[in-house]
Number of protein chains: 2
Amino acid sequence: MIEEIFIQKIFENDRRKVARAISIVESDNENSTELLKRIYQNVGGAYRIGITGPPGAGKSTITNQLTKLYRSLGKTVGIIAVDPTSPFTGGALLGDRIRMNDIGNDSGVFIRSMATRGSLGGLSKKANDAADVLDVAGYNYIIMETVGVGQSELDIAQAADTTIVVLVPESGDTVQAMKAGLMEIADFFVVNKSDRPDAKQAVTALQTILMMRPHDEHSWMPKIIDTIAVDNKGIIEVAEEISRHRMYLDQSGKFLKRREQRTKIRIKEIVEESIRKKLWNASGKEALNSALEKVILGSLSPYHIADEIIANFKNQL
Amino acid sequence: MIEEIFIQKIFENDRRKVARAISIVESDNENSTELLKRIYQNVGGAYRIGITGPPGAGKSTITNQLTKLYRSLGKTVGIIAVDPTSPFTGGALLGDRIRMNDIGNDSGVFIRSMATRGSLGGLSKKANDAADVLDVAGYNYIIMETVGVGQSELDIAQAADTTIVVLVPESGDTVQAMKAGLMEIADFFVVNKSDRPDAKQAVTALQTILMMRPHDEHSWMPKIIDTIAVDNKGIIEVAEEISRHRMYLDQSGKFLKRREQRTKIRIKEIVEESIRKKLWNASGKEALNSALEKVILGSLSPYHIADEIIANFKNQL
């Protein structure tokens with residue numbers, strides 16, 4: 001049961017309540033669903049930016065610099081950093097935390113890290129739920145920063161209005177990005193650390209690949225922006241390209257289409273997560289464990305057992 | 001309906017039938033389930049090796065060299081390479097194919113690439129299913145090679161009897177591996193390209209991190225093996241460490257425990273995939289699309305719609 005005053009405090013951007021609200025959606029229990037249902041009417045004001053790319057490309061630095069730029073323009077920024085952490089390190093790595101420090105004390109910035117390890121899936125759903133909380137709290141921009149490696153991380157980046165793929169000019173990086181499916185989701189590219197010797201070559205390679213994509217003169221053509229994020233070089237150009245893309249979405253009518261598509265993906269995620277939770281509740285786990293013995297004894301295949309579990313599940317739904 | 005003669009031909013390692021059987025399990029339809037149920041009694045003879053690590057670490061080269069070594073010892077090898085490919089390149093990248101060429105014409109080796117992009121999930125399930133086919137076809141070793149980046153790729157590596165994590169001595173690589181959860185799943189490490197200047201430093205860093213893991217004198221302590229895979233250096237040591245780990249699993253009783261754990265994960269995957277497919281069949285998709293309009297009109301949240309879809313699903317299961 002969530003009190004109305006708590007909802008109001010979120011809308012007023014009470015930092016402690018916003019933090020608690022995100023903890024609630026992360027826990028993904030009944031309160032979470034109730035909270036998200038009750039704030040939903042107010043969702044939609046924030047512009048969402050996805051920043052993704054391979055590990056070490058400088059995504060956090062770009063997020064940091066872009067945030068400082070938006071702040072200097074009087075805009076507020078919510079950041080959701082999806083950070084793959086190891087269960088035995090027990091949290092985000094120190095380096096990232098330190099880098100975030102100079103924006104972390106600004107009251108117009110809200111930073112939240114989400115772990116990917118040890119969670120029972122549903123990361124993409126939780127990240128979107130957290131973005132909804134920051135959205136209704138009134139943040140102008142929400143930056144969702146993820147390592148572009150797994151499907152769920154890509155899903156998060158793709159849930160944004162504008163998705164930026166950050167690469168570094170290293171041999172093979174472009175090819176790896178292509179392999180990882182990053183090319184398809186980029187609204188534009190940032191080649192960071194562009195003072196490195198092979199930067200020009202990387203940009204040329206990227207351009208060649210982009211030209212191979214099917215496109216016509218009316219469709220959006222992803223640009224490539226050079227940055228040296230640690231020196232704050234190219235960040236204004238990144239912000240300008242975000243604005244240009246936003247304008248394109250508005251004028252082409254694709255803005256609403258994109259949000260519709262995002263809503264569709266989210267409903268699917270919510271349904272699947274909910275069913276998964278029901279499947280493997282206490283009695284589901286028990287059914288699995290007792291069925292397991294039959295497989296070990298060799299009498300039944302995992303597929304036979306799966307049929308049994310599904311038949312059993314039907315009665316519980 | 002699958003004919004008995006087809007099953008027999010798989011058991012006899014008829015290459016064309018084995019290839020067709022893997023195509024069937026990849027398609028993941030009713031025939032697939034029937035096939036897997038019928039071969040299951042024969043599964044279990046092959047020893048499964050998972051090879052994972054960041055992109056560019058040299059996993060394919062190690063797989064290739066290890067395969068040649070096993071072949072020289074008279075053993076047969078099945079390889080399942082999970083290759084993240086882009087939908088617009090339309091297949092595995094040329095480089096990997098060329099590298100595989102010198103073992104690809106050996107009748108004692110069976111290579112199968114599986115794409116990760118564009119698939120509707122269930123990759124880990126499909127890779128395990130394909131491994132079952134190669135298992136009953138009589139291959140002595142099955143090597144499952146994946147890029148260690150996403151959860152489903154880690155799941156594949158983890159489904160092996162012995163899991164090897166391949167790293168290169170590059171600054172930050174160890175930290176990134178830690179972030180990506182690779183440390184937890186490694187039975188041992190390979191530091192490839194160990195002739196690079198910072199190789200010693202990388203090994204020391206890795207050792208330090210390993211020492212931090214909780215362990216006692218009776219438990220398995222992951223070693224670090226140096227290789228220069230392109231020059232075939234260190235490959236015998238890798239094979240020896242696989243044997244040593246296999247012996248450890250046998251003597252400690254952990255071999256069966258591990259396979260039991262693997263079966264459990266697989267049953268869960270089969271159940272979830274099956275339910276997901278039923279959820280989003282033609283009528284499920286229609287329900288989603290018509291519900292979507294209500295969300296766009298702002299009258300209901302995605303969470304309300306999800307409730308509706310689940311209630312509706314119950315009647316269909």
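Reader: A residue is buried if 20 or more other C-beta atoms, placed from the backbone, lie within 10 Å of its own, exposed if 12 or fewer do, and partly exposed in between; does Lys193(A), then, count as buried or exposed?

Author: This is a predicted model, in which local features need pLDDT of at least 70 and side-chain atom pairs count only at pLDDT 80 or more, while totals for chains, interfaces and linings use all residues. Residues are numbered from 1 along each chain as its sequence is written, with chains lettered from A and ligands numbered from 1 in the order in which they are written. Lys193(A) is placed in the loop between β6 (188-191) and α10 (199-212) of chain A, helices being DSSP runs of H or I with at least four residues and strands runs of E with at least two, numbered from the N terminus. Because Lys193(A) has 21 C-beta neighbours inside 10 Å, it counts as buried.

Reader: What is the phi of Lys193(A)?

Author: Lys193(A) is not a glycine, and yet its phi is positive. The angle, in this residue of the loop between β6 and α10 of chain A, is about 55°.

Reader: As what does Asn232(B) count, with its 14 C-beta neighbours inside 10 Å?

Author: Asn232(B) is found in the loop that runs between β7 (224-226) and α11 (235-252) of chain B, and it has a positive phi, near 65°, without being a glycine. Since 14 C-beta atoms are its neighbours inside 10 Å, Asn232(B) counts as partly exposed.

Reader: How much of chain A do buried residues make up?

Author: Chain A holds 14 helices and seven strands. Of its contacts with a separation of 6 or more, 74% join residues 24 or more positions apart, a contact being two residues whose C-beta atoms, placed from the backbone, lie within 7 Å. Out of the 317 residues in chain A, the buried share is 44%.

Reader: At what angle do helix α12 of chain A and helix α12 of chain B pack?

Author: Each of these helices spans residues 254-279 of its own chain, and their axes are 11 Å apart; axes are lines fitted to C-alpha atoms, for helices over the stretch in contact, and angles run from 0 to 180 degrees between N-to-C directions. The pair is therefore oblique, a class for angles that are not under 35 degrees (roughly parallel), over 145 (roughly antiparallel) or 65 to 115 (roughly perpendicular). The packing angle is about 140°.

Reader: How many nonpolar residues does the contact of α12(A) with α12(B) have?

Author: Val271(A), Glu272(A), Ile275(A), Arg276(A) and Leu279(A) meet Val271(B), Glu272(B), Ile275(B), Arg276(B) and Leu279(B). By class, this contact has four charged residues and no polar ones, and the number of nonpolar residues is six.

Reader: Which residues of α13(B) does α12(A) meet?

Author: The axes of α12(A) and α13(B) come within 10 Å and cross at roughly 120°, so the two helices are oblique to each other. From α12(A), the residues in this contact are Glu260(A), Thr263(A), Lys264(A) and Ile267(A). The contact of α12(A) with α13(B) divides into five nonpolar, one polar and two charged residues. In α13(B), the residues met are Leu288(B), Leu292(B), Val295(B) and Ile296(B).

Reader: What separates the C-alpha atoms of Gly284(B) and Ile310(B)?

Author: Gly284(B) lies in helix α13 (residues 282-296) of chain B, and because it has 19 C-beta neighbours inside 10 Å it counts as partly exposed. Although Gly284(B) and Ile310(B) are 26 residues apart along the chain, their C-alpha atoms are separated by 9.9 Å.

How values were computed:
Ala, Val, Leu, Ile, Met, Phe, Trp, Tyr, Cys and Pro count as nonpolar, Asp, Glu, Lys and Arg as charged, and the others, Gly among them, as polar.
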